[in-house]
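Dear colleague,

Please find below the structure I am handing over to you. My notes on it follow directly after.

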Amino acid sequence: MARTVREATLATRSARLRLTARTKPYWRVIEQGLHVGYRRRDTGGTWIARRRTERGIYREAKLGLADDLQDANGDTVLDFSQAQRNARTWWTHEQRLASGLGAPTTGPYSVARAMTDYLEDYRRRGGKASDSIESVARRNILPELANAPVAKLTTRRLLDWHRAIAERPRRWRSRPGGAVNLAAFDRKDAEAVRRRRATANRVLTYLKAALNHAWRAGLVPSDDAWRRVKPFRSVDAPVVRYLSHDEITRLLNACQSAFRDLVHAALLTGCRYGELCRLKVADYNSDVETLTIREAKSGQVRHVTVTGEGPDVIEPLIAGRSPGDILFKRDDGRGWKRAEQLRPMRDACKRADIDPPVGFHVLRQTHASILAMQAVPMAVIARQLGHSDTRMTERHYAHLAPNYVTDTIRANFPRLMEPNESVLPISRARRQRDQGRQLGKQNTKLLTVAQRAS
């Protein structure tokens, strides 16, 4: 704490009343370059602060009335020691502004300030999901905890908040200022409960990240309150929804013009919607048929292999266009923006008779699922999707990949009943038909070779 300077002529009310009334203040140095002044008037005095800038020029600020005619209240009426304290506060404020740090905040360090500081640090480190984190915090953290002092958070309060998120229905997007749009939530549905608990865990992760950032910065004395809050267990193993071959065909046929190109590219590359929207013409390398994702969620640049008919989709889009032009455009010529894929995707699913309708992210899951079912190694899939390691990939797609356990069980477990040849599922009938055609082609080729040899 700064030392209070003593000055006999200014310290007491009776001493100040003996001073001559004048326009020029009576100054007293309290720090190097900082002075507190008292301007004496016939009707009472006022406190003034001044500081010397780097240019050698004094800047002044009025601090408040002196306690000449009424008792000091520490706000508008100040005694000499309170005037010194306010002068140092003003000086610190001016120094921060001169250094480009912004005005210091006052009051207890709240959860809202912790989230703000964390997001600033996250963006400075190159994080790409700041908008998503900010949106989650605005809807799930700040309404209940914004003004709560971080130092006074308790484990019980955080546990109740965490459980409340898991027990309330999901909020759908709604118009600004409109009524809250809540989804249906059946608490007896195990999958619905799992999803809500997974959401609660994700929100808890964001809150803990912000609070830990504040604790490591020394802004709060302890992290014990939130360290004791544990997430729900066994809720991060979702059943991945992916489109079958027939659904892919119907969906592409149901999409219209420019949106069809966007959907087709998502299926062929596994890129996220935002990644596709930010692509430029120069990001496509026709020599090796790859797309360069420069602004990925992980913050790292990656190169995505374009598969199958990908060049047939992309190369017509880049013909005759400048390298800096947006790769995927809407029918009106402008780029795709945030959330503009929701309505076209819903309408396409309705026309394609895909029930329940799927979101755009399912296209990414479909791409990864197809690779997994074709026995592509998990490390390769993780690299294509931009995962930092294979843990996320294995958790979502490993069950789709052929493996020794599955092959051994199917090879050794006997058939319990004879198959009914008269009725076959469409997928199995199509598979048998394709196998028959392939076998016929092989037999024809062998016959031709034998004839030539003879």
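The notes below cover one helix and two charged surface patches.

This is a predicted model, in which local features need pLDDT of at least 70, side-chain atom pairs count only at pLDDT 80 or more, and totals for chains, interfaces and linings use all residues. Residues are numbered from 1 along each chain as its sequence is written, and side-chain values use heavy atoms, with hydrogens and water left out.

Helix 11 comprises residues 257–269; helices (H or I, at least four residues) and strands (E, at least two) are DSSP runs, numbered from the N terminus. Its end C-alpha atoms are 19 Å apart, in agreement with the 18 Å expected for 13 residues (1.5 Å times one less than the number of residues). Because 10 of those 13 residues are buried, helix 11 is largely enclosed by the rest of the structure. Buried means under 20% relative accessible area, exposed over 50%, and partly exposed in between (1.4 Å probe, protein chains only). Among the buried residues are F259, L262, V263 and H264. Just after the helix, G270 adopts a positive phi of about 75°.

R138, R139, R170, R171, R202, K297 and R338 form a positive surface patch (residues with over 30% relative accessible area and no salt bridge, like charges joined within 9 Å; a salt bridge is a side-chain nitrogen of Lys or Arg within 4 Å of a carboxyl oxygen of Asp or Glu). R171 belongs to strand 6 (residues 171–172) and is partly exposed, at 37% relative accessibility.

A negative surface patch consists of E289, E309, D312 and E315. E315 sits in helix 13 (residues 310–318) and, at 34% relative accessibility, is partly exposed.

With kind regards

Key: Patch = residues over 30% accessible without salt bridge, like charges linked within 9 Å, V, L, I, M, F, W, Y side chains within 5 Å. Areas by Shrake-Rupley, 256 points an atom, 1.4 Å probe, with all protein chains shown as cover. Lys, Arg positive; Asp, Glu negative; His and termini not counted. Charge placed at Lys NZ, Arg CZ, Asp CG, Glu CD.
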